[in-house]
Every structure is written in C-alpha cells, then in structure tokens.
Amino acid sequence: MKHLNRTVALGAALALFTALTPALAEGVAYVNKGLVGVGRMPANLKDKFGETFGSGSGMSIDVKGWTHDATGYKGSLWLLPDRGYNVVGTTDYRPRLNTISIELAPTAPGAAPAAGQEQSGVKATLADSMLLTDDKGADATGLDPLNGVRPAAGDMPILPQADNGKLALDNEAIVHLPDGTMFISDEYGPNIYRFSADGHLLSATQPPAALVPMRHGAPNFASDNPGPGAAEPDPKDPETGRQNNQGLEGMAMTPDGKFLIAVLQSAPRQDGGDSGSTRQNTRALVYDASDLAHLKLAHEYIVPLPVFKDAKDKTKVAAQSEIVALSDKTFLMLTRDSGNGQGVKGDESLLRRINVVDLSAATDIAGGPFDAADKPVAPKGVLDPSVTPAKLTPFIDLNDKAELGRFGLHNGKPNDKNNLSEKWEAMSLVSVLDPKLPDDYFLFVANDNDFMTQDGFQVGAPYKAEDGADVDTMFLVYQVTLPNLATN
C-alpha cells in the first residue's frame with residue numbers, strides 16, 4: 001500500500017510539473033496549472049418547456065455575479081444549445097438559451113480529489129430557459145433552411161429561412177454584454193445576431209462574401225441536414241463560402257469591450273474547405289463593436305488549424321470549436337478531432353487542445369480581394385505567399401491522461417461515461433478572486449452532448465439516441481495564469 005501511495009503521489013507531481021510548464025507566446029508566459037474541477041448534468045434532464053436539455057455549443061459566465069467565500073465559489077452562466085436532436089434530420093426545435101447556477105469547490109492544482117468526490121467539484125443546476133425569437137417576436141427554428149432566404153429589409157441583411165417561414169438558427173457561440181443584450185453566432189449564415197435581454201432579435205451581421213454559402217450563383221444556407229420528408233440541397237455542398245456545418249463556431253468579446261472576434265470552424269470551400277485534409281486555413285473576423293447595432297469589420301486574419309495523423313496515418317485537420325479573447329490580437333482557441341469519444345463509434349481522441357493564437361504578425365486581409373468569393377486566399381489549401389497567418393502555441397491538452405485520471409476520467413477504452421464525449425465546444429473565463437494571484441482565472445470548458453439520451457423528448461415526440469448513448473453535459477475547470485489580461 002505504501003508503494004502504491006508513492007506511485008500515486010509521483011504521478012500527481014509529474015502531472016503538476018507538466019501542467020505548470022508555461023506556453024510562451026511572443027514572450028508572454030501563459031501557465032496551465034491543471035484541472036481543478038469536474039461536474040455533470042444528466043443526459044435526460046428536461047428544461048422548463050418539457051424538452052430534453054441541450055448543452056454547451058456556447059457558454060458565457062456572469063462575471064459580475066461571481067463570488068467567493070469559505071465554502072467555495074458561486075455564480076451563474078449562460079449555456080447555449082444548438083439546433084436540437086438531429087441525428088435523423090433537423091426538426092422544428094425552438095432555439096433557446098439556458099441559465100445555469102454554478103457552485104465550484106476546486107481541488108488544489110496537482111492534488112487528487114477525495115475518494116468518491118472526483119466529479120463533484122462542480123455543481124451545475126438548470127435555473128431557467130428562454131426562447132429566442134426573430135425580430136417580429138415569432139418563433140425561430142432549428143430546421144435546415146434548404147431553399148429559404150428571407151429578403152433583406154431595413155438594417156437586416158438576407159437571412160436563412162426554413163420552409164415553414166421561420167428564421168433558421170444553428171447557434172454556436174454567445175457573448176453576453178453588460179447591458180443584458182447578447183451576440184450569438186450561427187452556422188447557417190454564418191451570421192452574428194444581436195438579441196435583447198429577453199431573447200428578441202435586434203440586428204444581424206453578415207460576413208464577407210467569401211464566407212456566404214453559394215449554390216448556383218446565389219446565397220443558399222442549407223447545411224445538408226434536411227427535416228422530415230425534405231430533399232437534400234442541390235448541390236449537396238456549397239460551391240463557395242462556409243462548408244456545411246462549419247460556420248462561426250467561436251466568438252468572443254475582447255476584455256476592453258471594443259472588438260468582437262468570430263472564427264469560422266474551418267476554411268471556406270474555395271480555400272480548401274472542400275476536403276478534410278486541406279481545410280486548415282480558417283478565418284478570424286475582428287469587428288469594431290463601438291456601435292453594437294452595426295458591427296463593422298475592422299480586421300481579418302488567416303488562422304491555421306492544427307494538423308495531425310489519424311490511426312490510419314491519414315492527414316487530418318482539427319476543427320475550431322470555441323475561442324476566448326485575451327486582447328484584440330490574442331485569443332485562446334479550442335480545437336478537436338471528430339468521431340471519437342463517448343456516444344460515437346470511435347473511442348480515443350487524437351487531438352483536443354486549447355491553443356494561444358497570436359495575430360500580431362499576421363497579414364490583415366479585411367476589405368481586400370480575398371473577401372470576394374472568386375479570389376481564394378488558399379486554393380486547394382495552399383496559402384497565398386503574400387499572406388502571413390496567425391501563430392499558434394499549444395496551451396492545454398484536454399486529453400492529458402494524468403490530469404483526467406485524477407478526476408476519474410479517461411480518453412479511450414472503455415468507451416463509457418467516464419470517457420470524454422466527442423464534442424467540446426464551449427469555454428469561458430472568470431477570476432479566481434485571489435488578490436495574491438491577480439492573473440489567475442478559472443477556465444470553464446463544456447461539451448456539446450448533441451442531446452444524446454435514451455430518455456429524450458423534443459418537438460412533441462420521445463426519442464432514443466443511437467447505440468444506447470447517454471451523454472451527460474460535462475464541465476472541466478482549469479486554473480490558468482494569463483498575464484496582463486486584467487489590463488487588456
């Protein structure tokens with residue numbers, strides 16, 4: 001037993017040493033102190049509308065309401081689901097936003113939680129759910145906008161519209177603003193929407209033409225996930241613009257509130273996004289947010305996504321899943337592989353990583369020829385030599401076995417509920433509220449469980465996820481040191 005205890009202690013010490021190795025990006029040392037908390041919400045949880053709760057496509061912590069006392073931390077966050085359970089096709093799921101009450105009792109970095117308490121450090125409780133409506137107060141929908149385009153009117157650009165006449169939303173990221181309004185990015189447009197505090201659409205921002213999906217020379221927002229009885233779009237994929245289901249996956253406001261940054265999940269079709277091995281050169285759009293109702297594109301950069309080899313030695317490009325802005329030139333970016341984890345057939349993920357992205361030396365292409373659909377910046381995935389991309393520095397490895405093991409989790413077999421699920425798509429930061437550690441923050445990371453449960457109910461009907469999947473909503477909490485963030 002003594003030998004075993006020494007082995008466990010050594011493993012924890014090595015994990016802490018690895019975690020504390022700083023990521024140096026342009027001379028700034030960003031430190032990951034490691035995993036300090038884990039929590040779950042059950043897969044079969046229902047919201048106040050009686051429908052299966054959807055988890056984290058996007059997340060925003062209420063920083064002002066975050067408190068700390070002798071018992072730990074308390075606060076709330078907003079968790080944004082996407083378009084509902086859609087394994088067999090999209091449905092008329094009403095988009096919504098969930099409010100989650102959070103209690104955090106963090107484990108000291110590198111330490112092991114008490115036996116039986118490995119996944120109880122984060123207590124997350126569903127407090128409320130709010131529907132998102134269009135600018136006229138009518139319900140929106142998760143249905144694929146197969147051929148629907150709502151005409152531009154007033155300040156509103158053309159918008160994705162489902163066959164039932166409703167605004168089609170596939171929500172992916174949220175920024176909650178001090179005035180109670182919020183920006184939400186989506187896949188279909190890919191657009192940035194501003195909603196009121198009560199969920200009413202106020203304005204919409206369309207990206208440059210290079211990102212708008214085009215079929216037969218016209219905008220077409222279909223994602224090749226038709227609803228019941230509907231046909232697939234023609235052609236299946238856009239000719240230019242964002243690839244199907246590869247919209248504005250990540251979005252964040254800079255700490256000073258001056259800029260909103262949104263990042264495409266992978267490269268547009270004309271920039272290599274028509275292939276899984278050449279979709280590396282995605283785009284970061286930096287908007288001037290001085291007028292919240294009228295965002296203005298200020299800067300635009302190429303961000304190279306991580307490349308890795310799969311189990312068959314084939315080159316793959318990771319997808320961008322979420323960002324957290326540290327300044328107008330630096331942000332954290334969550335990237336991941338696909339098809340591996342609890343709830344899907346593959347068991348071991350090859351890449352789930354948070355990187356530091358530095359834009360300071362990258363070429364600003366905003367307003368130039370590459371914003372047009374007919375001028376690729378990376379034809380067949382090869383970046384134009386006149387363009388310098390952003391720089392990526394690895395920061396946090398979500399697949400770190402030692403870190404996961406301290407909390408009873410793992411990556412790979414057995415493919416059970418303690419194996420991380422496939423999609424980790426939400427991040428948000430909040431201070432540790434320690435005057436001795438002014439640069440330390442808790443980084444919350446959450447999964448998107450794709451509404452997978454054996455006890456599901458949505459749009460008036462029960463359902464069971466394929467292959468017996470029951471995937472909880474999960475939170476991983478890391479303690480990180482981010483120098484100068486408060487002054488940004």
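A residue counts as buried when its relative accessible area is under 20%, as exposed when this area is over 50%, and as partly exposed in between. The structure described here is a predicted model. With that cut-off, E425 is buried, because its relative accessibility is 3%.

## Salt bridges

E425 takes part in a salt bridge with R336, with 3.0 Å between N and O. E425 belongs to strand 26 and R336 to strand 23, so the bridge ties together parts that are 89 residues apart in sequence. R336 is buried as well, at a relative accessible area of 4%.

This pair is one of 21 salt bridges found in a search of the whole structure. Side chains of opposite charge can pair when their charged atoms come close. Two further bridges are listed with the pair just described.

| Salt bridge | N to O distance | Accessibility of one partner | Accessibility of the other partner |
|---|---|---|---|
| E425 and R336 | 3.0 Å | E425, 3%, buried | R336, 4%, buried |
| K236 and D224 | 3.7 Å | K236, 45%, partly exposed | D224, 18%, buried |
| D237 and R269 | 3.9 Å | D237, 22%, partly exposed | R269, 16%, buried |

The salt bridge of K236 with D224 has its closest N and O atoms 3.7 Å apart. Both K236 and D224 lie in the loop between strand 15 (218-219) and strand 16 (248-253), so the bridge ties together parts 12 residues apart in sequence.

The side chains of D237 and R269 also meet in a salt bridge. This pair links distant parts of the chain, 32 residues apart: D237 sits in the loop between strand 15 and strand 16, and R269 in the loop between strand 17 (259-264) and strand 18 (281-288). A network of salt bridges links D224, K236, D237 and R269.

## Nonpolar cores

The largest nonpolar core consists of 30 residues, and I354, F395 and L443 have the most contacts inside it. Strands that each supply at least two of its residues include strand 2 (28-41), strand 23 (330-336), strand 24 (352-358), strand 25 (391-397), strand 26 (424-431), strand 27 (440-447) and strand 30 (473-481). Strand 30 gives the largest share, four residues.

What does L443 touch, leaving aside residues up to four places away in sequence? Its contacts are V324, L332, I354, I396, M427, S428, L429, L476, V477, Y478 and V480. A second core, separate from the largest one, has 22 residues, among them A124, F442, A446 and F475.

## Sheets

Strands of a sheet pair through backbone hydrogen bonds, either parallel or antiparallel. One open sheet has four strands in the order 22-23-24-25, with antiparallel pairing. Strand 22 (319-325) and strand 25 stand at its edges with a single partner strand each, so one side of each has no neighbour in the sheet. On average, neighbouring strands of this sheet are turned by 30° against each other, direction ignored. Strand 24 and strand 25 run antiparallel and are joined by six bridges. I354 has I396 in strand 25 as its bridge partner; I354 and I396 are also both among the contacts of L443.

Another open sheet of four strands has the order 16-17-18-19, again with antiparallel pairing. Strand 16 and strand 19 (296-304) are its edge strands, and each pairs on one side only. From one strand to the next, the twist averages 20°. Eight bridges pair strand 18 with strand 19 in the antiparallel sense. Y287 stands opposite L297 in strand 19.

## Aromatic pairs

A pair of aromatic rings is described by the distance of the centres and the angle of the planes. The structure holds seven aromatic pairs. W66 and Y73 form a stacked pair, at 5.6 Å centre to centre and 15° between the planes. W66 is buried, with a relative accessible area of 7%, and Y73 is buried at 7% relative accessibility.

Y85 and Y463 form a stacked pair at 4.1 Å centre to centre, with 10° between the planes. Y85 lies in the loop between strand 5 (72-80) and strand 6 (96-104) and Y463 in strand 29 (residues 461-463), so that the pair links distant parts of the chain, 378 residues apart. Y85 counts as buried at 10% relative accessibility, and Y463 counts as buried at 12%.

Ring pairs also link W66 and Y73 with F442 and F444 in a cluster. F442 is in addition one of the residues of the second core.

Note on methods
Residues are numbered from 1 along each chain as its sequence is written. This is a predicted model: local features need pLDDT of at least 70, side-chain atom pairs count only at pLDDT 80 or more; totals for chains, interfaces and linings use all residues. Side-chain values use heavy atoms; hydrogens and water are left out. A nonpolar core is a set of buried Ala, Val, Leu, Ile, Met, Phe, Trp, Tyr and Cys residues joined through side-chain atoms within 4.5 Å. Buried means under 20% relative accessible area, exposed over 50%, partly exposed in between (1.4 Å probe, protein chains only). Contact means heavy atoms within 4.5 Å. Two strands pair if DSSP finds at least two bridges between them. Axes are lines fitted to C-alpha atoms, for helices over the stretch in contact, and angles run from 0 to 180 degrees between N-to-C directions. Rings of Phe, Tyr and Trp (its six-membered ring) pair if their centres lie within 6.5 Å; planes under 30 degrees apart count as stacked, over 60 as edge-to-face and the rest as tilted.
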